[in-house]
Amino acid sequence: MQIHILSVSPELMDSPFAHSIIKRAKEKGLLQIHVHNLRKWAINKHGQVDDYQYGGGAGMVLMCEPLANAIDELQANKKFDEIIFMTPDGKTFHQQMANRISLKENILIICGHYKGIDERIREHYVTMEISIGDFVLSGGELAAAVVVDAIGRLIPGVLNDETSALTDSFQDNLLAPPVYTRPANFRDWQVPDVLLQGDPKIVEDWRHEQSLKRTQERRPDLLQ
Ligand code: ADE
């Protein structure tokens, strides 16, 4: 999978993709991430990519021209399955969306900044608008990093059996059960006996029960 990201703060994206599972996905050749600085397509030598909004009001808006030229140039080399715009008024991101996007070949993610991007780019280029929650970030970069992390680990072949995504929270609309590791007794806090008794079927039943209980207590909406 190739992920292209268009941003006015590309340096914000250095660290999130340089560690752990996403780093491994890149090393295995299963994921390529290309971060492009929108200022490369600035309208003048001052690096201008934004302007005041028509009708007045505080906050700058990313202009059509640099965005359209950037997307056209990137699209000339690559057909994108989705052009995603990160925005608080997009569809709220969830695991099933991550599953679906992880099966795509090539995607382009546009990070907004300031007041957002000119609406005409949303109308004419963007195929999917994603919010990571009902709050406003300073830009779309951290939100894009969240989305890339969530989809990157789902790309077939990235996770091995031990880290399988199948047992993640939300994968079957249930929260994950509690987990424990050694020692079995820490300050008299005991690991549940059921996990120490060795019958995998009993463990599996217990985990399912715990998942249901946890979901019922914390996220009953998921069970509806
Ligand atoms: N840009 C700013 N806030 C955002 C959010 N909550 N989700 C996605 N992109 C954003």
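Is Thr87 buried or exposed? In this predicted model, Thr87 is buried, because its relative accessible area is 9%, under the 20% that marks a buried residue. Thr87 is part of strand β5. The side chain of Thr87 is engaged in a polar contact with the side chain of Asp89, at 2.7 Å. Thr87 also belongs to the surroundings of the ligand, being among the closest residues there.

The ligand is surrounded by 13 residues, and the closest of these are Thr87, Ile132, Gly133, Phe135 and Leu137. Three of the closest residues place backbone atoms opposite nitrogen atoms of the ligand. For Phe135, a backbone N or O atom is 2.8 Å from a nitrogen atom of the ligand. For Leu137, the corresponding separation between a backbone N or O atom and a ligand nitrogen is 3.0 Å. For Thr87, a backbone N or O atom is found 3.2 Å from a nitrogen atom of the ligand. On its own the ligand has 260 Å² of accessible area, and the protein covers 96% of this area. Two elements, β5 (82–92) and β7 (128–131), each give two or more residues to the shell around the ligand. The largest contribution comes from β5, with 3 residues. By residue class, the shell consists of 8 nonpolar and 5 polar residues, with no charged residue.

Two of the residues closest to the ligand, Phe135 and Leu137, also take part in a nonpolar surface patch. This patch is made by Leu12, Phe135, Leu137 and Leu142 and has an area of about 340 Å². Leu12 is located in the loop between β1 (2–7) and α1 (20–27). With a relative accessible area of 41%, Leu12 is partly exposed.

Salt bridges were then examined. The whole structure contains 10 salt bridges. One of them joins Glu82 to Lys104, with the closest N and O atoms 3.3 Å apart. Glu82 belongs to strand β5 and Lys104 to the loop between α3 (95–101) and β6 (106–111), so this pair ties together parts 22 residues apart in sequence. Glu82 is buried at 12% relative accessibility, whereas Lys104 is partly exposed at 28%.

A second pair consists of Arg120 and Asp118, whose salt bridge has its closest N and O atoms 2.7 Å apart. Here the acidic partner, Asp118, is buried, with 17% relative accessibility, while Arg120 is partly exposed at 45%.

In a further salt bridge, between Arg122 and Glu119, the closest N and O atoms are 3.9 Å apart. Both residues lie in helix α4 (residues 119–124), and their spacing of 3 residues is about one turn of the helix. Arg122 has 15% relative accessibility and is therefore counted as buried. Glu119, in contrast, is partly exposed, at 44% relative accessibility. The Arg122–Glu119 pair is part of a wider arrangement, in that Asp89, Glu119, Arg122 and Glu129 are linked in a network of salt bridges. Asp89 in this network is also the residue whose side chain makes the polar contact with the side chain of Thr87.

Some backbone features were noted in the later part of the chain. The peptide bond from Arg182 to Pro183 is cis, with omega near 5°. Pro183 lies in the loop between α5 (141–152) and β8 (185–186). Positive phi values occur in Arg187, near 55°, and in Asp188, about 70°, and neither residue is a glycine. Arg187 is located in the loop between β8 and β9 (189–190), and Asp188 is likewise found in the loop between β8 and β9. Arg187 is exposed, with a relative accessible area of 62%. Asp188 is exposed as well, its relative accessible area being 63%.

Ser211 is part of helix α6 (residues 200–218). Ser211 is buried, with a relative accessible area of 7%. Along the chain Ser211 and Pro183 are 28 residues apart, and their C-alpha atoms are separated by 23 Å.

Terms used:
Residues numbered from 1 in each chain as written. Predicted model: local features only at pLDDT ≥ 70, side-chain atom pairs only at ≥ 80, totals over all residues. Heavy atoms only, no water. Near = heavy atom within 4 Å. Polar contact = N/O pair within 3.5 Å; in protein donor to acceptor, adjacent residues only side chain to side chain. Areas by Shrake-Rupley, 256 points an atom, 1.4 Å probe, with all protein chains shown as cover. Helix = DSSP H or I, 4+ residues; strand = E, 2+ residues; numbered from the N terminus. Nonpolar A, V, L, I, M, F, W, Y, C, P; charged D, E, K, R; others polar. Patch = residues over 30% accessible without salt bridge, like charges linked within 9 Å, V, L, I, M, F, W, Y side chains within 5 Å. Salt bridge = Lys/Arg side-chain N within 4 Å of Asp/Glu carboxyl O. Buried < 20%, exposed > 50% of the residue type's maximum accessible area, 1.4 Å probe, protein only.
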